[in-house]
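Let's take a walk through this fold, one piece at a time. Keep the model open beside you as you read.

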Amino acid sequence: MLRTTIFALSLALAQAATPPPSTLGPPTRADLLRGQYGRYRANNDLLFYHLDVRVDPEKKSITGKNTIRFRMLADDTRIQLDLAANLNIDRILLGSTPLKYERDLGTVYVDFPSTLRSGREYTIEFHYSGQPKEQGRFGGMAFRKDAAGNHWITTACEDDGASVWWPNKDQWRDEVERMQISVSIPNDLVDVSNGHFMGKTDLGDGYTRWDWLVQYPINNYNVALNIGRYEHFSDTLGDLPLDFYVLPANMEKARKQFAQAKPMLEAFRSYFGEYPFEKDGFKLIEVPYAGMEHQSAVAYGNGFVNGYLNRDWTGIGTSLKFDFIIVHESAHEWFGNAVSAADVSDMWIHEGWTTYLESLYVEKLFGHDEAIRYVNSYKPKVLNREPIITQRGIHRQPQQDMYFKGTLFLNTLRSVVNDDTVWWSVVREFYQQFKYQNIMTEDVVRFFNARLKKDLTPVFDQYLRRAALPTLQRAFTETGSMAYKWKTDERAFAMPVRIGRPNAWMTIEPTTDWKIMPMPLSKEEVEVATDLYYISVETQ
Ligand SMILES: [Zn+2]
């Protein structure tokens with residue numbers, strides 16, 4: 001996702017003087033209710049949603065139901081779901097039996113008349129209605145008009161959660177395996193949602209139902225409605241269907257700009273493997289906000305120009321060579337949508353990796369040197385004020401360092417590996433091992449440690465769980481030697497780093513204790529490869 005809200009990445013934020021809110025303050029009760037994966041969430045495993053809604057653009061309302069199929073993992077009589085407090089619960093049914101429920105802010109506890117048994121599957125229908133409250137920069141669910149005065153209704157709710165417009169188990173750990181999305185709208189409008197388009201049915205009352213089938217696990221916040229007077233054009237990349245939906249006035253511009261989808265998809269699949277949602281196809285859909293990685297239905301609002309809203313986002317000229325939103329949001333199909341974090345605390349797995357994939361795209365198209373410049377151009381956006389990983393179990397977005405410092409850290413890791421053949425195979429295996437899973441940073445660290453046969457835990461911890469950068473301290477003596485060590489919060493931190501001359505780097509292996517080596521060069525002559533390792537350097 002790309003944000004300009006107070007929470008994370010944005011052009012506005014990177015340029016703003018006001019610091020983002022701390023991720024270290026006390027949680028609200030709503031943060032805890034949403035963030036904790038307690039007994040009534042953990043006692044079940046989601047299997048399938050069928051979200052079937054009718055959207056009334058004039059009344060700015062939504063009404064319908066989510067049919068939720070789940071398997072119990074423990075005997076229990078209650079499960080925990082979520083729906084924004086301002087929306088009505090019309091009824092919750094198990095078969096034809098109405099179920100009792102209790103609401104607490106956005107939480108809905110559903111109670112069953114008899115014990116649900118571990119291992120068995122159950123299906124409930126959650127009927128609801130109301131007017132979703134527009135919230136967050138991208139609107140949650142926003143009822144807008146396009147320039148021609150036609151209805152244009154979109155959803156984007158990663159911050160606030162999908163329960164701002166539909167009932168679900170609103171957390172990151174548990175995803176449904178598949179999902180059907182049925183959207184009934186006035187006949188003159190088009191709905192584009194996630195997955196494979198199954199067809200539309202005229203309901204005979206001025207409304208048409210559009211049916212979509214998602215054939216892979218999907219995060220709640222990725223589920224999207226895009227309702228407007230869309231026009232459609234299509235293409236293919238091998239067997240992969242490419243579908244593009246834009247407002248009529250933009251057809252010509254879109255045909256030109258969306259040609260970038262192919263080199264983007266080709267670049268990422270060359271690094272990681274096939275596009276992960278092939279059966280669902282790949283779509284770009286014009287929206288009235290910057291963009292969002294909605295799975296297989298990427299929301300696009302970059303105005304059909306390169307850079308980020310036609311600006312040189314990284315300040316080195318490279319950004320203007322490609323459409324930032326097409327590349328960033330689509331890269332999330334690999335990291336964020338296929339490989340997903342199991343808790344928002346570890347969202348760097350989405351944003352750090354995706355921002356790194358931007359640089360891999362640059363490397364593929366424009367070469368290694370430009371990619372290194374691109375990665376390093378993100379340094380001014382790093383704050384180093386709070387750790388990238390926030391506390392688990394409190395629903396709170398990490399600060400923007402998850403994007404830029406996350407990327408610079410991955411580039412550092414590549415330099416630690418110092419063998420690109422190994423690096424490319426490791427990152428590909430990492431992706432392949434964890435695609436369609438929800439993981440935590442511990443899984444990432446365990447994988448890299450095992451694969452590289454090296455204990456990099458203190459390195460991951462310093463970059464992700466501490467605010468400060470590692471500092472290489474150097475002291476030159478008059479007797480022709482250099483003392484060096486790392487200054488870090490992690491006592492066990494040990495990371496090789498390259499020093500010397502740019503065309504003749506030598507690798508040293510500092511730890512947090514002083515080491516001394518002969519050094520015939522003066523301190524002015526001994527450079528440190530700070531484009532390859534994101535560190536600070538102190539020299540005495
Ligand atoms: Zn993103």
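Buried means under 20% relative accessible area and exposed means over 50%, with partly exposed in between (1.4 Å probe, protein chains only). Helices (H or I, at least four residues) and strands (E, at least two) are DSSP runs, numbered from the N terminus. What you're looking at is a predicted model, where local features need pLDDT of at least 70, side-chain atom pairs count only at pLDDT 80 or more, and totals for chains, interfaces and linings use all residues. Residues are numbered from 1 along each chain as its sequence is written, and side-chain values use heavy atoms, with hydrogens and water left out.

Start with the sheet. Eight strands, or 8 if you like digits, make an open sheet with mixed pairing, in the order S5-S4-S8-S2-S1-S11-S14-S13. Its edges are S5 (97-98) and S13 (196-202), each of which pairs on one side only. Two strands count as paired if DSSP finds at least two bridges between them.

Now zoom in on S8 (residues 121-130), where 7 of the 10 residues are buried. On one hand S8 runs antiparallel to S2 (residues 61-72), joined by 10 bridges; Ile 62 has Gly 130 in S8 as its bridge partner. S8 is also antiparallel to S4 (residues 88-94), with 6 bridges, and here Ile 89 is partnered by Tyr 128 of S8. Over at the S13 edge, S13 and S14 (residues 207-214) pair in the antiparallel sense over 6 bridges, with Thr 201 bridged to Arg 209 in S14.

Next, find helix H7 (residues 348-366). Its 19 residues reach 26 Å from first C-alpha to last, close to the expected 27 Å (the expected span is 1.5 Å times one less than the number of residues). H7 is mostly covered, with 16 of its 19 residues buried. Right after H7 comes Gly 367, with a positive phi near 100°.

Finally, the charges. A salt bridge here is a side-chain nitrogen of Lys or Arg within 4 Å of a carboxyl oxygen of Asp or Glu, and the whole structure has 30 of them. One of these joins Arg 451 to Glu 429, with the closest N and O atoms 2.7 Å apart. Arg 451 sits in helix H11 (residues 441-452) and Glu 429 in helix H10 (residues 420-434), so the pair ties together parts 22 residues apart in sequence. Arg 451 is partly exposed at 28% relative accessibility, and Glu 429 is partly exposed at 34%.
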